[in-house]
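Q: I have a structure to look at and would like to learn how to read it. Where should a newcomer begin?

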Amino acid sequence: KNALKSKIMNRGTLKLSKNEYNILRYQKLTSKDPVERLYALQMLGSSLDDEEKIESINNLLYEENAFIIKSAMEFSKNHDIKGISDAILSLINHEDATVQKMAIHEYARINVLDCVQFYKHNYENDTLGKQSYYIGAAIKYGGLNGAIEFGKELMRFIDSDDIDKRKKACQIIADIANKDYYHPLLKLLKDPDRSVRKRAIIASGHIQNSALIDSIVQCRTDKSLRTVIREALTHFPDLHTYATHAFAVSNNQEILELLSLFDKNSSEHMTHVIADLLKSSSFEVRKQAVNSLYERAYQQDEKDLELMKGIGRTLIKNIDRLIKFIPKADDEKLKQLTYNEVFHIQLRMLFQCLSFKYGHGLFKDVIENCYNKLESNRALALELLDNSLNAKDKLLVVPLIEAVYDLEKGLAVYDEAQAEASDEIIMETLNDGNKNYSAWMTANCIRFCRSRNLAYIVQEHLKKNE
């Protein structure tokens, strides 16, 4: 019974035994519980003939629960079921708007020839919401006649002075989901109203036509839209082409801004575009590229060892640069902030990067001893690295850690070091490095390290973050 329950919850991924099939077919499919009937229908799927599917779907469509109704319609769409028009028609005026929308689209899918006339008859006297559903369904499923009749209505929505109609136009285009029907979004992405632009950005993410990318990116001047821009660009398979050109013609500040918008796109090509930023002369660009690549690595089952090597080399370069900067800083607070950047951010990410190459077990011991203020433990961390790293890595990494230890003895932070490394630090470093982002204050202090008013900046940042 428990095994069957597991398979129902993971429907379609596990093979049913003969006994389990019989339970679903002759008990669950006719159960008084609509949830059991729904899951049985989904599990049995193509093993049922069309008449059995139609009977089961029709029964579910007359239930009261909106989730069950929508799931039944989704099943009918996925299995291209036709004989349920009457039940679908009864749902067009359902109290739940999401059910209304699905019913209008399903009715159009099932009744391609009749839906346009039916929707025209109801259009004028219906609500704005249902009018938008009629337009989207008729254009998507109603063939040439639907596109002609309701295409004119869509253009009226797009050109309307009514903000709500322009927002509905964005949703209609998203629902139609035709990659070649994107031109109206170019106009809507420049709409004077923020809420319309937001809907247009979301719709663009559904359309995924590369001609929309630049217009989406231009919307970033409104900072409140950057989250939806980042989400929309996630879905573009060819974003890397645009990103390569954009990075090439942008200054460092613009690259940072663009990278924050592009880095959620998980295509392999985009990963290599971001990896190229590791060669940047800008510390800030390299740092954000490292953070972005780490986040991507943790979203993938297969870690790219060559990419990790590239990140490791960049981290070593960053750490070395910061170590050399610390003695030159004339402000104690800045020294401490920079030390924290090295020891608690960059070095931990380097350990994590090396753990891909040498194994998590080794670096669990390294971290446990490195982040311990006792000299004996720190010496043990260096010994572990000296005995485990290859000659090239040893030559790069061990002197960096020794230099960090030498530097911190002259800083106030040394006395505040932990007596021992906690399990939390170890696990965070090994398994959660994508969250080890530098503090905003630290990044800004380093960015302005050559400014004449550095002392004032540090003091003001400290006050704001007390």
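**Reading the model, feature by feature**

A: Begin with a pair of helices, bearing in mind that this is a predicted model. Helix 7 (residues 97-110) and helix 8 (residues 115-123) pack at an angle of about 145°, and their axes are 9 Å apart.

Q: Which two values describe a pair of packed helices?
A: Two packed helices are described by the angle between their axes and by the distance between those axes.

Q: Which residues make the contact between helix 7 and helix 8?
A: Helix 7 contributes Ile-104, His-105, Tyr-107 and Ala-108, while helix 8 contributes Cys-115, Phe-118 and Tyr-119. Sorted by class, this contact of helix 7 with helix 8 has 6 nonpolar residues, 1 polar residue and no charged ones.

Q: How many aromatic pairs does the structure hold, and how is a pair of rings described?
A: A pair of aromatic rings is described by the distance of the centres and the angle of the planes. The structure holds 10 aromatic pairs. In one of them, the ring centres of Phe-118 and Tyr-119 are 5.9 Å apart and the planes are at 55°, so the pair is tilted. The range for a tilted pair runs from 30 to 60 degrees. Ring pairs also link Tyr-107, Phe-118, Tyr-119 and Tyr-134 into a cluster.

Q: Are Phe-118 and Tyr-119 buried or exposed?
A: Phe-118 counts as partly exposed because its relative accessibility is 27%, and the cut-off for buried is under 20%. Tyr-119 has a relative accessible area of 0%, so Tyr-119 is buried.

Q: Where does Tyr-119 appear in the largest nonpolar core?
A: This core has 125 residues, and Tyr-119 is among those that touch the most other members, together with Leu-61, Leu-233, Phe-247, Phe-262 and Phe-351. Helix 21 (residues 332-358) supplies the largest share of the core, 10 residues.

Q: What is Phe-247 in contact with, beyond its neighbours within four places in sequence?
A: With those neighbours left aside, Phe-247 is in contact with Ile-255, Leu-258, Leu-259, Phe-262, Met-270, Val-273 and Leu-277.

Q: What sign does phi have in most residues other than glycine?
A: Most residues other than glycine have a negative phi. Ala-177 has a positive phi, near 50°. Ala-177 is found in the loop between helix 11 (163-176) and helix 12 (183-188), and at 44% relative accessibility Ala-177 counts as partly exposed.

Q: What is phi in Gln-208, and where does this residue lie?
A: Gln-208 is not a glycine, yet its phi is positive, about 60°. Gln-208 lies in the loop between helix 13 (194-207) and helix 14 (213-218). With a relative accessible area of 25%, Gln-208 is partly exposed.

Key: Residues numbered from 1 in each chain as written. Predicted model: local features only at pLDDT ≥ 70, side-chain atom pairs only at ≥ 80, totals over all residues. Heavy atoms only, no water. Core = buried A, V, L, I, M, F, W, Y, C linked by side-chain atoms within 4.5 Å. Buried < 20%, exposed > 50% of the residue type's maximum accessible area, 1.4 Å probe, protein only. Helix = DSSP H or I, 4+ residues; strand = E, 2+ residues; numbered from the N terminus. Contact = heavy atoms within 4.5 Å. Axes fitted to C-alpha atoms, helices over the stretch in contact; angles between N-to-C directions. Nonpolar A, V, L, I, M, F, W, Y, C, P; charged D, E, K, R; others polar. Phe/Tyr/Trp six-rings, centres within 6.5 Å; stacked < 30°, edge-to-face > 60°.
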